[in-house]
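This report describes part of a parallel-strand region and a nonpolar core. The sequence and structure are shown first.

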Amino acid sequence: MGRKHSNISGLSRFVSVAFNGSDGASSTALEVQARPSVSTPKAENVRRASELEDGHDVRPAKKRKVGLLGPGLERYDATGLVPFYTEPSQVPANLQKYFSQRTRYFSRYASGCLLDEEGWYSVTPERVADQIAERCRCGTVLDAFCGVGGNAIAFARTCERVIALDTSPVRLALARHNAALYGVADRIEFVLADFLSFARTLPPTTQAGPSGRKIDVVFLSPPWGGPSYLTDTPAAAAAESVEDARAPPEYSLASIQPVHGAQLFALARGLTKNIAFFLPRNVRLEEVAALLEDGEAAGDSADAGEDMVEVEEEWMGSKLKALTCYFGGLAAGQEELFDG
């Protein structure tokens, strides 16, 4: 399917393997109502008789605990899986600065959005995610590292179908919870899988997802190495002065997890030419440009001499947060490559 020009609310199936058998993935629980104890057999018989009327049990139904998502969404609710912070005093010291920006990450945070520790420092701010999703408007998009769902939720608003991968059942449950809160859970297919295995098992000729539909866009937002990615690099250790240390050292694609960023890109390129690569603001741009050169050297020369990369800066207020690198038909000026 080619580039999509209008919002389509398609219905996507969910992959249940990520949630079957997971303790805490659902907030549904039973609460038995307490009744006063009766000591005499006669009173007990009267109580039992009163609960049966014309042969039907008329005892009060057992109550279900309602989670953060409210009634009707229990199948998605992950309440209790991780803490839901409402006050700064509840938040661990290492997450305080992220909590202060909670509405930047999810504008509906107060309604019950859930994040694990990794999610707090890795989720894409909502406005940035919306911008990327608009650029990636298409039929089917693959979010290769969905985390707690920030980008997947944004993609569900601009794409017909979203395939969201993660290796953590907990983060998938949180992503599904957050997607339900935003009303888009039915448009996202959550898959418990690592991108490396997933990409290698897809048929290379059809480049299709689990249900056989072609993947139009791959979004790569792999782990950068945790909150210390700005300092835990060889360049930071080699800073020769205080001035050098103040500026973020250059970030190498080799620091990306779980494998070198160039390897991730090559796998994604085997699925589609249209890739959005979300990277640290201090990434070495010469390494990003070399991704296309490496592809040509490996024999991917269908669009040699034409394909370029567009680098978009993602700002929040006066702060540069990250870079999004667009390849193939996503790059401005080469839209004709989108369906190529």
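## Strand 6 and its surroundings

In this predicted model, Val 141 lies opposite Val 162 of strand 6. The two residues belong to a parallel pairing, in which strand 5 (residues 140-143) and strand 6 are joined over 4 bridges. Between these strands the chain passes through helix 6 (residues 150-158), and the resulting β-α-β crossover is right-handed.

Strand 6 also pairs with strand 7 (residues 188-192), again in the parallel sense, over 5 bridges. Within that pairing, Phe 190 of strand 7 is the bridge partner of Ala 164. The connection from strand 6 to strand 7 runs through helix 7 (residues 169-181), and this β-α-β crossover is likewise right-handed.

The two pairings of strand 6 are set out below.

| Partner of strand 6 | Sense | Bridges |
|---|---|---|
| Strand 5 (residues 140-143) | parallel | 4 bridges |
| Strand 7 (residues 188-192) | parallel | 5 bridges |

Arg 161, Ile 163 and Leu 165 point one way from strand 6, whereas Val 162, Ala 164 and Asp 166 point the other way; all are buried. Because 6 of the 6 residues of strand 6 (residues 161-166) are buried, the strand is largely enclosed by the rest of the structure.

The largest nonpolar core has 89 residues, of which Phe 106 and Phe 195 touch the most other members. Helix 7 gives the most to this core, contributing 6 residues. Leaving aside residues up to four places away in sequence, Phe 106 touches Cys 113, Leu 115, Val 123, Glu 126, Val 148, Gly 150, Ile 153, Asn 178 and Tyr 182.

How values were computed:
Residues numbered from 1 in each chain as written. Predicted model: local features only at pLDDT ≥ 70, side-chain atom pairs only at ≥ 80, totals over all residues. Heavy atoms only, no water. Buried < 20%, exposed > 50% of the residue type's maximum accessible area, 1.4 Å probe, protein only. Pairing = 2+ DSSP bridges. Right-handed = clockwise from strand over helix to strand, strands pointing away. Core = buried A, V, L, I, M, F, W, Y, C linked by side-chain atoms within 4.5 Å. Contact = heavy atoms within 4.5 Å.
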